[in-house]
Amino acid sequence: MLSITKIFSFESAHSISDYEGACSNLHGHSYVLHVTVSGEELEKDMLLDFKALKKIVKEEIIEKLDHTLVLKNTENHKRDFQQMWQKIFWMEHEPTAERMLLWMKDRIVPKLPSHVKLESLTLYETSTCYACWKG
């Protein structure tokens, strides 16, 4: 089995509305995302061109989340935040690192060639805090 990893970074703000503590306040992160894909077949001596992986992740994830306010889709949030921010990404669930990873997985997997599978996603909120999804 072979694997390749591409690392991305983006800036986003969020709040966890049903959390008792500082994370219920609006705050931001300099996220770092590691995307690892794997497979056994090579096409033109590559598992997957890094450019192709970059295009998928940029279109499906980075363009939607970079410099964006990420919030759970509730009527209170819509009323309170819609007029203040131009770019808001509404999630069905609280925008925790874990929920963001599950959303990312669902966006990336259908875009990969059939001989490549998504092996793992690791999302750093800070240099010492991260969540990981493994397929």
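Two residues are said to be in contact when heavy atoms of theirs lie within 4.5 Å. With that definition in hand, one may ask how the contacts of this predicted model are spread along its sequence. Among contacts in the protein with a separation of 6 or more, 60% are accounted for by residues 24 or more positions apart.

The general outline comes next. The protein contains three helices and six strands, and along the sequence these follow the pattern β-β-α-β-α-β-α-β-β. Taken along the principal axes, the box filled by the C-alpha atoms is roughly 50 × 30 × 20 Å. The protein has 135 residues, of which 39% count as buried. Its exposed area is about 8,200 Å², and carbon and sulfur atoms supply 48% of that area. As for charge, the protein carries 17 positive and 20 negative charges, and the mean positions of the two groups are 5 Å apart.

The pairing of strands may now be followed, beginning with β3 and β4. Strand β3 covers residues 68-72 and strand β4 covers residues 88-91; the two run parallel and are joined by four bridges. Within this pair, L69 stands opposite I88 of β4. The route from β3 to β4 passes through helix α2, made up of residues 75-81, and this β-α-β crossover is right-handed.

A second pair is formed by β5 and β6. Strand β5 spans residues 117-126, while strand β6 spans residues 129-134; six bridges join them, and they run antiparallel. One point of pairing is found at L121, whose bridge partner in β6 is W133. The two strands form a hairpin, with two residues between them.

Strand β5 also contains T122. Is T122 buried or exposed? The relative accessible area of T122 is 13%, and because buried means under 20%, T122 counts as buried. Its surroundings can be listed by name. Leaving aside neighbours within four places in sequence, T122 is in contact with V32, L33, H34, L101, Y130, A131 and C132. Among these contacts, V32, L33 and H34 belong to the stretch 27-39, which is strand β2. Y130, A131 and C132 lie in the stretch 129-134, which is strand β6.

The loops offer a further view. Between β2 (27-39) and α1 (50-65) lies a loop that holds M46. M46 has a relative accessibility of 39%; it counts as partly exposed because this value falls between the limits of 20% and 50%. M46 and L112 are 66 residues apart in sequence, and their C-alpha atoms are 14 Å apart in space.

The loop between β2 and α1 also holds K44. Which sign does phi of K44 have? Phi of K44 is near 55°, a positive value in a residue other than glycine. This deserves notice because most residues other than glycine have a negative phi. K44 has a relative accessible area of 79%, so K44 is exposed, the limit being over 50%.

H67 also has a phi near 55°, a positive value in a residue other than glycine. H67 is found in the loop between α1 and β3. The relative accessibility of H67 is 60%, and H67 therefore counts as exposed.

Methods
Residues numbered from 1 in each chain as written. Predicted model: local features only at pLDDT ≥ 70, side-chain atom pairs only at ≥ 80, totals over all residues. Heavy atoms only, no water. Buried < 20%, exposed > 50% of the residue type's maximum accessible area, 1.4 Å probe, protein only. Areas by Shrake-Rupley, 256 points an atom, 1.4 Å probe, with all protein chains shown as cover. Lys, Arg positive; Asp, Glu negative; His and termini not counted. Charge placed at Lys NZ, Arg CZ, Asp CG, Glu CD. Pairing = 2+ DSSP bridges. Right-handed = clockwise from strand over helix to strand, strands pointing away.
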